[in-house]
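Biologist: Could you take me through one helix of this model in detail? I'd like to hear what it packs against and how it sits beside its neighbour.

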Amino acid sequence: MIDTHCHYNHPQMNLHEGDAEQSIARASAAGVTGFIVVGYDLESSRRAVEIAETHPNFGAAVGMHPHGAQQYTEEFDLCLQEWAHNPVVVAIGEIGLDYYRNISPADDQTRVFARQLDIASNAKLPVIIHCRDAYADALSLLDRESVKAFGGVMHCWAGSPEQALQTVTLGMHLGFGGTTTYAKAQNVHESAAAIPLSRILLETDCPYLSPVPHRGKRNEPAYIKLVANRVADLRGISAEELIEEADVNSRQCFPRLAPLLKGN
Ligand code: NI
């Protein structure tokens with residue numbers, strides 16, 4: 001299994017000496033063979049690159065989360081462009097729009113999102129998208145040739161099945177995480193069943209959004225099988241088949257990832 005969205009760069013995954021390393025060992029024992037550590041600001045992006053450079057089976061993503069749009073400086077822009085050439089950097093993200101918390105003004109979010117889409121396009125990299133209560137605007141910004149060419153993922157899918165199909169039409173994958181196991185997540189359940197199997201990716205978004213029965217506690221990549229089981233149920237296929245397909249999809253979505261995986 002490949003966890004396409006985890007945050008070993010987050011303080012909550014590093015509560016004591018060796019915390020992250022122990023969590024990585026538990027994940028490996030649970031069958032996780034690949035990880036993408038996703039940045040959300042300058043420091044976490046730098047840390048994601050460091051982790052990927054020092055651990056087998058890890059790729060990094062770098063980017064400014066919409067919450068931090070006002071921290072998007074020229075310095076950060078130059079860092080992103082430089083990181084994009086690093087072979088351990090498999091995507092630009094997480095970038096996008098968040099109108100739920102609106103921590104940065106919508107104008108700033110849009111400008112910074114569009115700029116980072118351009119950087120991804122110049123580097124021929126896929127994008128990892130965070131989108132909350134902003135699907136219409138996000139999908140319209142993602143409707144561009146570079147996204148059709150280099151793709152990406154709408155992470156932690158929470159939209160409707162109609163929006164899911166629209167996202168697929170733009171050339172993107174959908175990431176399913178812990179919320180898939182929540183009883184009330186009707187939209188997520190219907191979306192997971194509605195899109196082609198070839199567009200499904202698995203993720204945890206740890207330390208956030210633990211799957212049932214760990215809901216409310218810290219999440220970690222070792223729990224990803226619970227997500228795989230639920231998605232397989234929703235599709236009426238075996239967990240083995242779903243996991244195999246999601247692995248293939250992850251390599252297809254992030255072409256720079258496979259060379260970083262042991263034994264490829
Ligand atoms: Ni995230």
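Modeller: Let's start with the pair: α9 and α10 lie roughly perpendicular to each other, and bear in mind that this is a predicted model. Their axes cross at roughly 110° and come within 8 Å, and an angle from 65 to 115 degrees counts as roughly perpendicular. On the α9 side, the contact is made by Lys225, Ala228, Asn229, Val231 and Ala232, while α10 brings in Ala239, Leu242 and Ile243. Sort the residues of that contact by character and you get six nonpolar, one polar and one charged.

Now for α9 itself. The helix covers residues 224-235, 12 residues in all. From first C-alpha to last it reaches 17 Å, close to the 16 Å expected at 1.5 Å a residue. Which of its residues are buried? That would be Ile224, Val227, Ala228, Val231 and Ala232. Looking down the axis of α9, you'd find these buried residues within an arc of 135°, so they line one face of the helix.

And what does the buried set pack against? There are three strands, β1 (2-6), β7 (173-176) and β8 (200-202), plus the helix α10 (239-253). Ala228, Val231 and Ala232 are among the buried residues, and these three also take part in the contact with α10.

Just past the end of α9 comes Gly236, with a positive phi of about 70°. Follow the chain on from there and you get to α10, which spans 239-253.

Technical notes:
Residues numbered from 1 in each chain as written. Predicted model: local features only at pLDDT ≥ 70, side-chain atom pairs only at ≥ 80, totals over all residues. Heavy atoms only, no water. Helix = DSSP H or I, 4+ residues; strand = E, 2+ residues; numbered from the N terminus. Expected span 1.5 Å × (residues − 1). Buried < 20%, exposed > 50% of the residue type's maximum accessible area, 1.4 Å probe, protein only. Arc of directions from axis to C-beta. Contact = heavy atoms within 4.5 Å. Axes fitted to C-alpha atoms, helices over the stretch in contact; angles between N-to-C directions. Parallel < 35°, antiparallel > 145°, perpendicular 65-115°, else oblique. Nonpolar A, V, L, I, M, F, W, Y, C, P; charged D, E, K, R; others polar.
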